[in-house]
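This briefing concerns the surroundings of a ligand, the packing of helices and two points of backbone geometry. Please read it alongside the sequence and the structure displayed here.

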Amino acid sequence: MAVHGIDLGTTNSAIARTGPDGRPQVLAGLSGEPTTPSVVLFASPGEHVVGEGARREARLDPEHVCTLVKRRMGDAEWRFVAHGKAWSAPAVSALVLRSLVADAAFASGDEPTAAVITVPAYFGDEERRATMLAGTYAGLDVLDVLSEPIAAALAYGFGRLDGSPELAKGATHETVLVYDLGGGTFDATVIELADRRISVLAVEGDHQLGGADWDERVAVALSRRFCADNPDAEDPLDDSAGAQALVLAAERAKQQLSDAERTDVVVAHDGARSTITLSRAELEEMTAPLLRRTVDLTRACLDEAARRGVGCVDRVLLVGGSSRMPAVAEALRRELDLDPRLHDPDLAVARGAALYGEKKELERMVVADLRTRGRLRDGVPLEDAASADVDDACRRVADAFRVPLAQVRRAVEVQVDTVVSRGFGVLAVNSAAGRLEPSWLVHRNDRLPIRTSRSYGTVRADQTEIEVTVVEQQGQAESSRPEDAKVLIVGQISGIPAGHDEGSEVRVTFEMGFDGVLHVTAFHVDAGIPLTLIATTGATLSQAEVARERDQLGKTRRRE
Ligand code: AMP
């Protein structure tokens, strides 16, 4: 029955599930490595390689190797073309997921069928939908997409909530800042652990900022020095194989400089060769603006949490591979007076996702038990059931599935509250300004789940048609300029009969569950006509495209 937790990372991915003792275990495939590079090599029209093998071949065959695909999630236009076939970001990600599924089946003998997949907190609606599509492509029932920092906090917090009698009783609480700097994304999140409740208070982040940007800066510095040493040789960055090799060498050097003060990098290209010595101080100087941006975003996140009444954080967890750079902890200490600790930086997210998957599964079984016995009516949430009934249901589920009772109780009791990472609204006429402007219904850092409605008026009498344009906030702040908002969906209420005045009520409702996926309805109240969604933007793939990709995915085989 185990629901698997998957950390579908920009550079590395991992899969985990909870073991018989309720602890999350990371499942490694044949290689024995707990993480798999999120890299796909399209070796031939019908064969692909995922993971370390693909990463190694990146240098020899760069045209056919796809990396950092997570940065493309939600971009419906983007395709990776190899051997005459075009692959969308969800399709490439599905190949990584399929590889993880195979690894998990190898490790446990159990083929994963259902999963929770993690995404950066800063992912918007489209990126979350693209991630769900990737899971579906890989044959998984995606129960939820979960924000990575929440997963990391769960991995930390479940242990704390279990292990600390004071926290469990709600006698005290702990506020945690999760600083997550991975290969391609950065998230800062303030989370509160209290009374068996994990609440996200604030999120900030940039999903175009991560370790890969550090690698790029180092690669540029290496190329400059190589060219200075070898004025007649070609710049390695001008050649795609040379550039790939240089970026890999830069990444290796960067990682070595987390432990050593200096390292030597050999750059060989176009018949020339240089040994370049790089020091940690040089690395830190050339990447200082990148680190500064993470500090600024962390400060903004703390400010937002402060506005919500959190004066100080008790603990700072560093997750994501790039948080191993000593400069990260130093900057947080120096600039923000924090005391950060590395917390299982590579695997906390997969472990947390597995815990969340287990929670969802056990909770679902307890709810099903109560509903079949008539102790909980359809549509009524579990919180509203009588506690004696919930207790009995937990016992029956524990017995039936041979799960320790404490584990079932924990699953039901621990609550995860989270917030939305971006604002959402509709375009409406601002009569004072005489133009269409975003009207925000959902605001960044609003607590999920959300159900909110607002009424608008028609702009003239006998209006036969209303267009509803749903937009997502792009920058850090809500803007009244339509060009600052991203159009998600355009819907229409049409065929409205004549006879309705100007200003007739149109009620728009936004609903968003814990997965951060938005559902919009609109209703012409007097005419009683609901919205019919006629078009989605280029954001999502068309049905035909999905069918084509499914077919294409069915025709490629993984080479070990
Ligand atoms: P993640 O997405 O969490 O797997 O993080 C991957 C990123 O962490 C990549 O950019 C790696 O280069 C980086 N990384 C891993 N180990 C280290 C290290 N020891 N020092 C610096 N960066 C590292």
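For the helix pairs discussed below, an axis is a line fitted to C-alpha atoms over the stretch in contact, and the angle, from 0 to 180 degrees, is taken between N-to-C directions. The model is predicted. Its ligand is surrounded by 14 residues, and the protein buries 87% of the area that the ligand exposes when taken alone.

**Ligand surroundings**

- Among the 14 residues around the ligand, those that come nearest are Glu 251, Lys 254, Gln 255, Ser 258 and Gly 321.
- By residue class, the shell around the ligand comprises 10 polar residues, 3 charged residues and 1 nonpolar residue.
- Helix α7, spanning residues 240–256, gives the most to this shell, contributing 3 residues.

**Polar atoms at the ligand**

- The side chain of Ser 258 places an N or O atom 2.6 Å from a nitrogen atom of the ligand.
- In the side chain of Thr 11, an N or O atom lies 3.0 Å from an oxygen atom of the ligand.
- For Asn 12, the corresponding separation between a side-chain N or O atom and an oxygen atom of the ligand is 3.2 Å.
- Taken alone, the ligand exposes 500 Å², and 87% of that is buried by the protein.

**Helix packing**

- Two packed helices are described by the angle between their axes and by the distance between those axes.
- Helix α9 (residues 288–307) packs with helix α10 (residues 326–336) at an angle of about 50°, and their axes are 10 Å apart.
- Angles from 35 degrees up to those counted as roughly perpendicular, which begin at 65, are classed as oblique; α9 and α10 are therefore oblique to each other.
- The crossing of α9 and α10 is right-handed.
- Helix α3 (residues 125–137) and helix α14 (residues 543–554) form another packed pair, with an angle of about 40° and axes 11 Å apart.
- The α3 and α14 helices are therefore oblique to each other as well, and their crossing is right-handed.

**Backbone geometry**

- Leu 448 and Pro 449 are joined by a cis peptide bond, for which omega is about -5°.
- Pro 449 belongs to the loop between β22 (447–448) and β23 (450–457).
- His 83, a residue other than glycine, has a positive phi, near 50°.
- The loop that holds His 83 runs between β8 (80–82) and β9 (85–87).

Definitions and conventions:
Residues numbered from 1 in each chain as written. Predicted model: local features only at pLDDT ≥ 70, side-chain atom pairs only at ≥ 80, totals over all residues. Heavy atoms only, no water. Near = heavy atom within 4 Å. Polar contact = N/O pair within 3.5 Å; in protein donor to acceptor, adjacent residues only side chain to side chain. Areas by Shrake-Rupley, 256 points an atom, 1.4 Å probe, with all protein chains shown as cover. Helix = DSSP H or I, 4+ residues; strand = E, 2+ residues; numbered from the N terminus. Nonpolar A, V, L, I, M, F, W, Y, C, P; charged D, E, K, R; others polar. Parallel < 35°, antiparallel > 145°, perpendicular 65-115°, else oblique. Left-handed = near helix turned anticlockwise from the far one by under 90°.
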